[in-house]
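Visitor: I am new to this structure and would like a close look at a single part of it. Please take me through that part step by step.

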Amino acid sequence: MKNMKKMNKMTRDNLITYLMVFVLFLVMQILVSSGNVSSLLQGLLVPLCAYIILAVSLNLTVGILGELSLGHAGFMCVGAFTSAFFSKCMVNTIPIAGVRYFLALLIGAAAAGICGILVGIPVLRLKGDYLAIVTLAFGEIIKNIMNILFIGRDSAGFHFSTTDARALGLLEDGEIIINGPQGITGTPKDSTFAVGVILIFVTLFIVLNLIHSRSGRAIMSIRDNRIAAESVGINITKYKLMAFSVSAALAGVAGVIYAHNLANLMAQPKNFGYNMSIMILVFVVLGGIGNIRGSVIAAIILTLLPELLRGLNDYRMLIYAVVFIAMMLFNWSPKAIAWREKYAAKLKRGKKKEV
Amino acid sequence: MSFISYLINGISLGSVYAIIALGYTMVYGIAKMLNFAHGDVIMIGAYVVMTAVTGMGLPPAAAILIAVIFCTVLGIVIESVAYRPLLNAASSLAVLITAIGVSYLLQNIALLVFGANTISFPNVLSIPALSLAGGELTITGEAFITIVSCIVIMIALTLFIHKSKAGQAMLAVSEDKGAAQLMGINVNGTIALTFAIGSALAAIAGVLLCSAYPTLTPYTGAMPGIKAFVAAVFGGIGSIPGAFIGGLLLGIIEVFGKAYISSQMADAIVFGVLILILIVKPTGILGKNIQEKV
Amino acid sequence: MALLEVNNLGISFGGLRAVNEFHLKIEKGCLYGLIGPNGAGKTTVFNLLTGVYKPDEGVILLDGEKMIGKKTIEINKAGIARTFQNIRLFNDLSVKDNVKVGLHNHFKYSALEGIFRLPKYFKMEKAMDERAMELLSVFDLDKEADTLASNLPYGKQRKLEITRALATEPKLLLLDEPAAGMNPNETQELMETIRLIRDKFDMTILLIEHDMKLVSGICEELTVLNFGEVLAEGKASDVLNNPEVIKAYIGE
């Protein structure tokens with residue numbers, strides 16, 4: 001009987017998360033269709049879906065596996081570019097957008113997942129914060145490579161170069177697909193808010209179900225005590241790699257959403273660089289490390305907050321930074337936590353007296 | 001001769017990285033935190049020098065002194081307001097993320113005060129170029145000063161840590177905070193002192209960096225900050241000679257990578273070498289290997 | 001054949017000989033004690049037995065199977081489970097989930113079956129839940145099944161660690177100072193628990209302990225370690241009356 005209760009609590013928790021996303025989706029849809037949302041905010045909806053997926057997937061690495069990653073945007077970048085490359089090449093071959101997008105998703109996720117494994121195999125064997133540093137380096141390398149890569153296609157096949165577009169030597173019927181720093185232009189804009197929300201559900205489904213399974217317990221046992229996990233026969237490398245590569249593949253999915261929403265996909269510091277990785281990490285930490293629903297909420301609030309503060313013009317980002325630091329201190333400082341608990345206890349007592 | 005001049009350029013750039021990396025490594029050694037706002041203190045220092053020289057017409061030496069004092073105070077304020085409350089937080093990530101918040105804050109303050117436009121940095125290190133080997137090899141005055149400053153700082157810092165009482169206290173705190181406190185060391189004061197020194201060094205690094213590459217924006221400090229962090233990891237984070245060696249190596253790899261392989265791939269090369277080094281020697285070049293006791 | 005047979009085991013740490021020519025023979029079903037002054041190398045022996053450290057030389061046979069060169073997880077799968085001197089639980093997991101991690105290699109289903117909630121997931125999870133509750137009830141922990149491990153009182157944390165080790169279905173259970181930090185009442189209860197484990201699970205147990213009351217109360221055989229070497233071994237009563245042993249403990 002008790003087991004059933006526990007089971008219910010777990011599923012109920014997950015259901016609340018799914019329901020929350022669904023209600024938010026409905027509210028936004030109603031607001032959009034009644035014309036109550038500025039075009040700027042509307043433009044943010046699809047990226048927001050990508051950010052939510054990024055935050056949830058990074059939480060799998062940071063909160064559940066307990067390893068710090070500072071290069072999550074790198075995996076997003078891999079997913080974005082491989083899928084946009086695929087979609088642009090296939091735009092005429094596969095005219096049905098749904099099929100094309102589905103294949104692009106698989107390709108983006110697989111490419112990012114494979115990168116996750118390649119980065120993870122050498123690094124996850126090491127103990128300590130090495131994953132943080134190596135992922136940071138990985139993210140910068142990917143961004144750098146995307147800025148010097150030129151790929152074109154003509155009737156003779158594909159051409160590659162790392163210098164400039166002319167070096168591709170394309171025939172007259174050729175077209176440039178990846179144009180170095182200018183990136184990929186003309187990816188079909190297949191991402192919509194609805195598709196984004198569906199993919200959020202898929203991400204939540206994968207991550208939440210993984211956590212509440214045999215593999216998830218193994219992953220969390222490594223986080224809590226690696227030595228003890230080893231002593232009861234948990235294969236450390238296997239489960240670390242599993243969590244990290246799933247996390248990377250989901251970041252790839254976010255990249256696919258992101259890329260198929262842009263007329264012009266470029267690898268710049270602000271979208272795929274270190275700053276982006278840090279922003280996602282901020283979502284995770286502010287939402288609560290290991291708290292999946294918190295990641296969703298933090299991603300929504302922090303993405304919309306600068307837009308809501310737009311009226312304050314120049315002071316917007318300054319206020320954002322101050323609010324940010326204050327929130328961190330309030331959430332994490334031991335003194336603030338003690339004060340909050342004391343205050344909460346007082347409130348409780350007060351209520352009891354009233355009764 | 002071009003090889004030697006590249007080498008000198010590399011050492012000069014590496015010296016700047018080394019000075020910044022010292023700040024990272026000292027703070028990491030003592031507070032066990034990665035101060036991601038460190039790069040932005042460099043930027044603030046450079047803006048202070050620029051304002052003092054261009055805006056107030058002060059002589060360069062005075063301007064640099066003001067910048068050093070300003071950044072020292074800034075470092076202490078940041079530490080006491082934003083970091084100290086979180087040093088004992090449940091997750092060590094909390095203080096790291098707060099450092100990112102501080103980084104945003106500093107950038108946005110600079111953005112408000114000085115605007116987003118690129119400002120050219122005044123010439124504060126006016127020293128004639130050295131001409132060697134019958135004019136075939138020249139070392140710019142900035143490069144010369146940078147290298148000399150780095151050596152002086154290294155020696156001074158090493159002496160300070162090993163000979164002075166405050167330096168010994170720093171070593172003790174980095175070894176074991178609790179034990180140091182029991183021995184009567186003012187732990188909070190020592191941590192603040194570490195931030196003060198790191199920030200003062202950042203101001204100097206800002207002057208050197210902006211003299212070599214005389215442009216200044218609110219984001220000037222970000223990339224050198226990350227690279228210096230990489231340098232600190234290269235050398236073994238927490239180790240002062242490690243930061244020196246790591247910084248120099250990084251500068252040399254970057255300049256050589258630009259010169260001989262591909263100027264656009266320089267960053268990828270630097271980070272690629274970092275990954276290789278970490279896989280071969282996980283604790284960095286001079287890092288200590290600490291095994292968890294079972 | 002003895003369940004565990006160790007011969008000529010040795011390891012050095014940077015010139016310091018931590019364990020030297022160590023030997024041990026434990027028959028199946030025996031309650032065996034490893035005692036000795038602080039720093040004698042007892043925990044190092046445990047770490048050698050469980051593959052945390054690689055010995056410089058020596059032989060370890062479990063049921064005739066060579067253990068040297070195996071990794072910790074392989075040794076666990078082969079049948080040695082342990083607890084730790086400073087308790088190592090999965091603090092942010094529930095009590096039941098701690099045990100379920102211990103059951104990891106006995107109730108298997110793949111990650112994909114877990115993510116997509118295929119029938120095998122439900123079947124295996126149900127079986128794991130039942131087995132975990134069964135084990136927990138033996139140690140009177142079933143009422144706290146949903147509590148976070150870190151919220152358990154100290155004595156129960158020790159018990160949970162033992163439960164988790166037993167969940168891996170070992171042939172040999174190693175307990176590293178199970179009574180450390182316990183008051184006499186708790187120690188008394190622990191002695192009963194250890195006897196219960198031996199009888200109910202038909203377990204062979206090797207334990208490190210300082211509490212002489214516990215050692216003389218439950219251990220049938222003893223090995224005394226001093227400066228990394230075997231000082232005495234044999235029947236508990238004989239060993240405890242051995243003048244050499246008394247000298248090592250109390251001094252001249």
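Guide: In this predicted model, the contact between chain A and chain C draws 24 residues from chain A and 32 residues from chain C. On the side of chain A that touches chain C, the elements giving two or more residues are α1 (2–33), α6 (193–211), α7 (214–224) and α8 (226–231) of chain A. Of these, α7(A) gives the most, with seven residues. Sorted by class, this side of chain A has nine nonpolar, nine polar and six charged residues.

Chain C, the partner in this contact, has an open sheet of four strands in the order β2-β1-β4-β5, with antiparallel pairing. Its edge strands are β2(C) and β5(C), residues 65–66, each of which pairs on one side only.

At one edge, strand β1(C), residues 4–13, pairs with strand β2(C), residues 16–26, over seven bridges in the antiparallel sense. The two strands form a hairpin with two residues between them. Gly14(C) lies in the turn and has a positive phi of about 50°. Phe13(C) stands opposite Leu16(C), a residue of β2(C).

At the other edge, strand β4(C), residues 57–62, runs antiparallel to β5(C), and two bridges join them. Here Leu61(C) has Lys66(C) in β5(C) as its bridge partner. Helix α1(C), residues 42–49, packs on the sheet and touches β1, β2 and β4 of chain C. The direction of this helix makes about 70° with that of β2(C).

Technical notes. Residues are numbered from 1 along each chain as its sequence is written. Chains are lettered from A and ligands numbered from 1 in the order in which they are written. This is a predicted model: local features need pLDDT of at least 70, side-chain atom pairs count only at pLDDT 80 or more; totals for chains, interfaces and linings use all residues. Two strands pair if DSSP finds at least two bridges between them. Two residues are in contact if their C-beta atoms, placed from the backbone, lie within 7 Å. Axes are lines fitted to C-alpha atoms, for helices over the stretch in contact, and angles run from 0 to 180 degrees between N-to-C directions. Ala, Val, Leu, Ile, Met, Phe, Trp, Tyr, Cys and Pro count as nonpolar, Asp, Glu, Lys and Arg as charged, and the others, Gly among them, as polar.
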